[in-house]
Amino acid sequence: MALEFTIVERDETGRKRRTFVAKNKISVQADLSNNTGHQRAVDFLAKVFLPSGYPSSVTPDYLRYQILNALQAFCNSLASLLSSRAVLEGSGVGDPSATATDALLLTVVQDVFGRFTTIFGAYALGSSLVPEAKSYRFLADVLNDTAVIFDTLSPVFSSPSFPLRIPGLRIGALCISASCRALCGIVGGGSKAAITLHFATPLLGVGDVGDLNAKDSSKETVLALLGMLLGTLLVPHISGPWPTYSALFLLVILHLLINYLAVCGLELRTLNRQRAGKAWNLYRLSTESKAPSPAEVSRIDNVLSRPDVFHDDLGRIIGRCTIGSYFSDIFHEHFPCRLLEIFAQERYLLWYDNRCLSLRPGREGQDVRSGSLHLHIVFKEGYSGADQLKAWCHAADLCRTLALSARKTTKTEDKLHDALDLIDTTLKLSCRDFPKFFKFLRDAGWNVDDIAIMAGSPKAILTGVETRDEIGRENKKFR
């Protein structure tokens, strides 16, 4: 009995191909509706500059970010040409008295400053680049533009008309420029790696980090080439200080504005401190008790905000929290033993900064001072990413509770809150709502398996507590 059937295939561009099998004969019918010369050219460019499998192999925010990133890179190429010309002028190009040895020694000094900045920058900022990828990606361009500005102004510092005659001022400006570029390389490279990993991990589909990096390099090469070609036509017509500075100012403003829009449009699925706090706050305010999606949080994510602060509904700062603190840095003279009982089932401790507390005269216990709240989180051994998120949500609840209480209190009143009771009450609320919140986060598309609340490792981990009686004999040890 002869079978007849049709095999339907679809390639990565979306075109379909049908293969008909009938009586041991095979015929192929291709979809020629989009097989025009224009469509073939578009398909070729897509294969060269877009990752394989696009758009299913990347996140939905990929194309918008790449368009804006291309525009800001183009502005940076033009600005870099102006700064390069200024550096050459300051080095004595066209001046018979200038020597190649002086230019070489200046390059060596700049290189020394840049290398030392790279070492110290990696030490100070390395662990913060992935959690705060959006902020550091924008900071990288701020540092790059700062270097461009110093390079462009460097000839002015050594000109006879400059009012401040300070020896070595131009050299100092070029060294600052080298340090800014080195720091830009550190924060830009780390944040770009985190953003690339985000693009390569769509909610549905599988991406390729290597392919993404290769295609990004291709786009950057083409944009740099176009920028240089256009710059060779424009730069000769921009001569004199004021035309140069005006063009530089315009390019720097456009560069930073476009980069800011690009970074704000990223819908990162990993939870850092700011996104976790905003997601928890939106979950609390939601009448349907559902967690917001990464797209919803990205619309209110503030790239320029400090990562360790909490905000109220109006955007005002209501407190801050230091995560991963030393136990000995928090408790100096007074330690409430009941705190260990409250957090007996948790993998963290939450307490106030010493400046936020006041002792009760003639009574035991401590009260929370009115004003800005500063909290500390100490982790116990065996803590996980979920414990980090729960501790941060608990701190957010504590700040929000005090802020709401302060609104209801008149200026003539000074309502005091028992420090331990406030910790205990807010912990019970967090324990009640956090399990559902954690589940809803996963359902909303968040990556709860890779939580980046804390940058790096905590300063110390609480491994155990030993109790002793009055004569110093050890009674018991527990964790």
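Which residues do ring pairs link into a cluster? They are Trp 280, Tyr 283, Phe 434, Phe 437, Phe 438 and Phe 440. The model is predicted. Across the whole structure, a search finds 19 aromatic pairs. A pair of aromatic rings is described by the distance of the centres and the angle of the planes.

**The largest pocket**

Rolling a probe the size of a water molecule over the atoms shows where empty space is left. The largest pocket holds about 540 Å³ of space. Its lining counts 25 residues, and Asn 69, Gln 72, Ala 73, Arg 137 and Glu 220 are the closest to the centre. Four helices each supply at least two lining residues: α2 (62-90), α4 (133-157), α5 (169-199) and α6 (209-234). The largest share, nine residues, comes from α2.

**The α5 and α6 packing**

Two packed helices are described by the angle between their axes and the distance between the axes. For α5 and α6 the angle is about 120°, and the axes lie 9 Å apart. Their crossing is right-handed. From α5, the contact uses Lys 192, Thr 196, Leu 197 and Phe 199. From α6, it uses Val 209, Leu 212, Asn 213, Asp 216 and Glu 220. Glu 220 thus appears in this contact and also among the residues closest to the pocket centre.

**Residue classes**

The table sets out the make-up of the pocket lining and of the helix contact.

| Site | Nonpolar | Polar | Charged |
|---|---|---|---|
| Lining of the largest pocket | eight residues | 12 residues | five residues |
| Contact of α5 with α6 | four residues | two residues | three residues |

Technical notes. Residues are numbered from 1 along each chain as its sequence is written. This is a predicted model: local features need pLDDT of at least 70, side-chain atom pairs count only at pLDDT 80 or more; totals for chains, interfaces and linings use all residues. Side-chain values use heavy atoms; hydrogens and water are left out. On a 1 Å grid over the protein atoms alone, a cavity is a set of points where a 1.4 Å probe fits but cannot get out, and a pocket is an open set with protein on both sides within 12 Å along at least five of seven lines; lining residues have an atom within 4 Å of a point. Grid points are joined across faces, edges and corners, and a volume is the space filled by probe spheres set on the points. Ala, Val, Leu, Ile, Met, Phe, Trp, Tyr, Cys and Pro count as nonpolar, Asp, Glu, Lys and Arg as charged, and the others, Gly among them, as polar. Axes are lines fitted to C-alpha atoms, for helices over the stretch in contact, and angles run from 0 to 180 degrees between N-to-C directions. A crossing is left-handed if the near helix is turned anticlockwise from the far one by less than a right angle, and right-handed if clockwise. Contact means heavy atoms within 4.5 Å. Rings of Phe, Tyr and Trp (its six-membered ring) pair if their centres lie within 6.5 Å; planes under 30 degrees apart count as stacked, over 60 as edge-to-face and the rest as tilted.
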